[in-house]
Amino acid sequence: MSDASPHGFEAPSSVEGAVALLAKHGAAARVLAGGTDLLAQLKSGGRHPRWIVDLKRIPELMQVREAEGALVIGAAVPAAELREHPALLRRFPGLAEATALIGSEQIQGRASLGGNLCNASPAADTTPALLVNEAEVEIAGPGGRRRVPVAALCTGPGRTSLAEGEFVVALHLAPPLPRSADAYLRLIPRSEMDIAVVGAAVRLAQGPDGRCSAARVALGAVAPTAIRVPDAEAALMGSRIDAAALERMTLAVRAAARPIDDKRGTVAYRRQVIGVLARRAAERACERARAAS
Amino acid sequence: MKRLHVQTRINGEAAEFLCDPHQTLLDVLRNVVGLTGAKEGCGTGDCGACSVLLDGRLVCACLVLGAEAEGRAVATVEGVAAEGRLHPLQQQLLVHAGLQCGVCTPGIVVAAKALLERNPDPSEREVRFGLAGNLCRCTGYDKIVRAVLDAAAELREAGAGR
């Protein structure tokens, strides 16, 4: 092993304990949740932390709590547990389906929402679903705790706004709007076990008059971070989610997409399919919202 | 580098080992504990050859640190055959010739057993999706899927398909 390999492993049992360890070890430390990204990076040599601080012994990070309709998801809860949580399935089915799409059963046994978010891949499946639900990220660090909108966390591929010594404790989901539902769809060339070519999440609410009273649209893998698309949301607002409104939304989605060319797809292909996918996600969210009302 | 003393349970029995902080559970199982059933295919969580259960949950041992096993329960393929008798999954893999080189087989057995415990009567589609994290480069999967479906039927008939 090279000198750069980790020199210590700690598994604190409290948030305060983890904060103290991270303050002590500074930039030489990395937090470990499910490890599905971190351990692969250790193997590839992409990261060389001297200290690994395992967060999974902290009860707060391993629990899903319900409080007055809100859902507080511990940052390190494994996907295999989260995807079956009754309250998540009932109120946030789109986030549940995004969670269930991450990797294999083996990866599901470890991967977490906090890790998926903080790895800051533009193609992370759960980030668009968190965006349309306007999740808040609870962060702990040397300065105490703070909460930021999920949109403020990822700043670029592999980059976050977390300061040194900070880590994500939980994701907070406010009670969803009445008669609303979310949906998430992604495109991959195989049927399972791949990284999104594009991903689209939509949350829609239907007013008493049958018209769309709230719309949120978020896209993955078409920009340096997952993005909300206000023009696409405006295209749906007040409409009956009819063909004309969906077409306006599709055009707005394509206009907002700034994808890259890579082995998973070209710019032109991604821009085309993100429109199709967002439209289907909107239709699915609409069906769910109507079924719920 | 300080070595860590880890106390855990492996296949139902108390176990302890010394490991480096960076050492994966897979490396510990194979090279410290001497359980070589879990295989290293990719080492990055893509192939499933190192599938084990950690506190009952299916994981890739290459993506777990040995130190994380402290106080947990690890189950490996070595614990699947009870008292020297092959588990129906193992027997059906033999009957169907669901293995050739054998490198993926321990992971397939562990993952399929976990699948059948969750879902004793899976469809072919459910088996294929459930085992999507276990790559096999020899069989083309059909024989593995048939073996799992037949083992599921056998377990249901025996009333033991927990």
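The following exchange concerns the sheet of chain B and the helices that lie across it.

Modeller: This is a predicted model, in which local features need pLDDT of at least 70, side-chain atom pairs count only at pLDDT 80 or more, and totals for chains, interfaces and linings use all residues. Residues are numbered from 1 along each chain as its sequence is written, and chains are lettered from A and ligands numbered from 1 in the order in which they are written.

Biologist: What makes S3 and S4 of chain B paired strands?

Modeller: Strands are DSSP runs of E of at least two residues, helices runs of H or I of at least four, both numbered from the N terminus. Two strands pair if DSSP finds at least two bridges between them. Four bridges join S3(B), residues 51-54, to S4(B), so these strands pair, and they run antiparallel. B:Ser51 stands opposite B:Cys60, and B:Leu54 opposite B:Arg57.

Biologist: How do you know that S3(B) pairs with S5(B)?

Modeller: Two bridges join S3(B) to S5(B), residues 73-75, so the requirement of at least two is met. Here B:Leu54 stands opposite B:Val74.

Biologist: Why are S2 and S4 of chain B called edge strands?

Modeller: The open sheet has the order S2-S1-S5-S3-S4 in chain B. S2 (13-19) and S4 (57-60) each have a single partner strand, so one side of each is left without a neighbour in the sheet.

Biologist: Why are both faces of S3(B) called covered?

Modeller: A residue is buried if 20 or more other C-beta atoms, placed from the backbone, lie within 10 Å of its own (exposed: 12 or fewer; partly exposed: in between). B:Ser51 and B:Leu53 on one side, and B:Val52 and B:Leu54 on the other, are all buried, so both faces are covered.
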